[in-house]
Amino acid sequence: MQVNTVDVPDPGRGKPYIAIVAGNARQRSILARCLTSFYQFAEYPDVAQAVAGCRTHVPLLALVSEQLPPGGGFDLVRRFRLDPGLASIPIVVLAGKDDKVTRDGALQCGADSLLVEPFSRSALVTAVSGLLNRGVERKWKTLRPLQRQALSDTLLLFNGISNVISEGKPIPYQGVSDACQPLVEAVANDDFKEMLDGVKDHDNYSFAHSMRVATYLSLFGCNLRLPKEEQILLASGGLLHDIGKMSIPHQVLNKPGRLNEAERAVMEGHVTASVAYLEHCQDLPKGIITIAAQHHEKVDGTGYPRGLAGSKLNRLARIACIVDVFTALTDRRVYKPPIEAEAALKFMVDEMDSQLDAKLLGLFRQMLLDASGDIHRQMERSA
Ligand SMILES: [Fe+2]
Ligand SMILES: [Fe+2]
């Protein structure tokens with residue numbers, strides 16, 4: 001079934017999207033433009049089309065204008081809240097004025113958030129992202145304590161890092177390694193699968209990706225029987241490896257299609273930016289900087305930024321490259337669903353054999369097969 005869209009292309013069945021519901025076509029197109037580099041969306045011009053469209057293909061969130069025919073935006077929110085299939089959709093109401101009647105109206109109809117015009121693009125994006133993450137982070141409460149702690153400690157660290165970077169301050173290694181401790185323990189206890197799933201839907205893609213890279217790196221370290229401190233170093237390297245992406249514009253970072261040459265140069269610049277920042281943090285172990293500096297290098301010399309080949313590539317970097325590719329393939333993005341682990345491994349073996357260290361890729365593949373076998377065995381035992 002198709003999403004009932006107006007003016008914009010169908011975001012595609014099954015792909016997560018945001019519903020923009022407003023009577024005014026110009027308002028819909030302004031909102032769509034504000035969100036276009038972050039999310040897919042569908043536009044609905046009235047209550048009936050919004051209810052029908054959202055029932056057919058449930059959105060991640062709805063932006064609802066107070067100006068909506070026939071009964072207004074508050075009426076639509078009330079209908080959503082009474083409909084079992086739509087009741088849990090987070091809703092931001094967009095209103096023309098900030099007075100008591102509007103605020104009370106938004107609260108009483110069941111909206112989660114109210115934005116009063118004129119609002120900035122960043123206020124809109126912050127409101128949307130905050131609500132999306134609230135749902136994901138609420139689900140973390142159902143996880144086991146160690147998994148929950150690993151997710152919340154690394155998220156806290158990651159959010160803290162973005163503030164520290166914007167102030168030009170260094171990150172102390174102690175803070176990073178403390179945040180990675182529960183993650184490494186969860187991995188050592190074979191208790192990480194739900195944690196990886198739990199972070200997939202997080203709206204901060206950089207956090208979700210870095211957290212998943214950290215987990216797989218730590219799992220690799222655990223399987224290679226490296227000492228605990230080195231597993232923590234690997235996890236820390238995973239969390240920090242793409243830190244330079246924090247300065248890349250969202251339009252480039254989240255662009256669904258192919259990057260043009262200029263955009264590619266900006267994107268590849270994240271490696272140099274990461275290294276410049278990490279080198280300024282004096283107490284970080286060298287291995288962390290190596291992971292950041294070389295995770296896009298390929299053994300055949302086709303990688304970037306330096307085109308290092310063969311023995312010029314540090315072993316840590318070869319491991320990080322495999323983990324980074326696997327994680328990127330299996331990450332969920334707003335414009336693509338995650339690829340299944342088996343398909344991702346097959347692609348890496350079939351299509352990237354000259355670029356990746358074959359021996360390490362074999363070990364990584366075996367490790368994941370064993371891990372999924374363990375999970376199946378655990379499930380059989382508990383059945
Ligand atoms: Fe990267
Ligand atoms: Fe990465």
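**Figure 1. Packing of helix H2 against helix H3 in the predicted model.** Helix H2 covers residues 47–56 and helix H3 covers residues 73–82. The two axes are 10 Å apart and meet at an angle of about 30°. Angles under 35 degrees count as roughly parallel, and H2 and H3 are therefore roughly parallel to each other. Their crossing is right-handed. On the H2 side, the contact is made by Val47, Ala50, Val51 and Cys54. On the H3 side, Asp75, Leu76, Arg79 and Phe80 take part.

**Figure 2. Coordination of the iron ion (ligand 1).** This iron ion is coordinated by Asp242 through OD and by His270, His295 and His296 through NE2. The distances run from 2.1 to 2.2 Å. The four donor atoms subtend angles of 85 to 175° at the iron ion (ligand 1), so the arrangement is irregular. Along the sequence, the donor residues follow the spacing D-x27-H-x24-H-H. Histidine 270 and histidine 296 link distant parts of the chain, 26 residues apart. Histidine 270 belongs to helix H12 (residues 261–279). Histidine 296 sits in the loop between helix H13 (286–294) and helix H14 (315–330). Both of these histidines are buried.

**Figure 3. Coordination of the iron ion (ligand 2).** The protein donors here are NE2 of His209, NE2 of His241, OD of Asp242 and OD of Asp324. They lie 2.1 to 2.3 Å from the iron ion (ligand 2). The angles subtended by the four donor atoms range from 82 to 173°, which makes this arrangement irregular. The donor residues are spaced H-x31-H-D-x81-D in sequence. Histidine 241 and aspartate 324 are 83 residues apart and join distant parts of the chain. Histidine 241 is located in the loop between helix H10 (228–240) and helix H11 (250–253), and aspartate 324 in helix H14. Histidine 241 and aspartate 324 are buried.

**Figure 4. The bridge between the iron ions (ligand 1 and ligand 2).** Which residue coordinates both the iron ion (ligand 2) and the iron ion (ligand 1)? Aspartate 242 does, forming a bridge between them. The two ions lie 3.5 Å apart.

**Figure 5. Two cis peptide bonds that precede prolines 118 and 305.** One cis bond joins glutamate 117 and proline 118, with omega about -5°. Proline 118 lies in the loop between strand E5 (113–116) and helix H5 (121–140). The other cis bond runs from tyrosine 304 to proline 305, and omega there is near 5°. Proline 305 is part of the loop between H13 and H14.

**Figure 6. Positive phi at aspartate 190 and arginine 225.** Aspartate 190 is not a glycine, yet its phi is positive, at about 60°. This aspartate is found in the loop between helix H7 (173–188) and helix H8 (193–200). Is aspartate 190 buried, partly exposed or exposed? Its relative accessible area is 34%. Buried means under 20% and exposed over 50%, so aspartate 190 is partly exposed. Arginine 225 is also a residue other than glycine with a positive phi, here near 55°. Its place is the loop between helix H9 (205–223) and H10. With 75% relative accessibility, arginine 225 counts as exposed.

**Figure 7. The surroundings of glycine 237.** Glycine 237 is found in helix H10. This glycine has a relative accessible area of 0% and is therefore buried. Neighbours within four places in sequence aside, glycine 237 is in contact with Ile288 and Ile291. Glutamate 279 is 42 residues away in sequence from glycine 237, and their C-alpha atoms are 13 Å apart.

**Figure 8. The surroundings of glutamine 355.** Glutamine 355 lies in the loop between helix H15 (341–351) and helix H16 (358–382). Its relative accessibility is 23%, so glutamine 355 counts as partly exposed. Which residues does glutamine 355 touch, not counting residues up to four places away in sequence? They are Lys298, Val299, Asp300 and Thr302. Threonine 302 is 53 residues from glutamine 355 along the chain, while the C-alpha atoms of the two are separated by 7.3 Å.

Methods:
Residues numbered from 1 in each chain as written. Chains lettered and ligands numbered in written order. Predicted model: local features only at pLDDT ≥ 70, side-chain atom pairs only at ≥ 80, totals over all residues. Heavy atoms only, no water. Donors = N, O, S within 2.8 Å, 3.2 Å for Na, K, Ca; no water. Tetrahedral: all angles 85-135°; square planar, octahedral: opposite > 155°, others 65-115°. Helix = DSSP H or I, 4+ residues; strand = E, 2+ residues; numbered from the N terminus. Buried < 20%, exposed > 50% of the residue type's maximum accessible area, 1.4 Å probe, protein only. Axes fitted to C-alpha atoms, helices over the stretch in contact; angles between N-to-C directions. Parallel < 35°, antiparallel > 145°, perpendicular 65-115°, else oblique. Left-handed = near helix turned anticlockwise from the far one by under 90°. Contact = heavy atoms within 4.5 Å.
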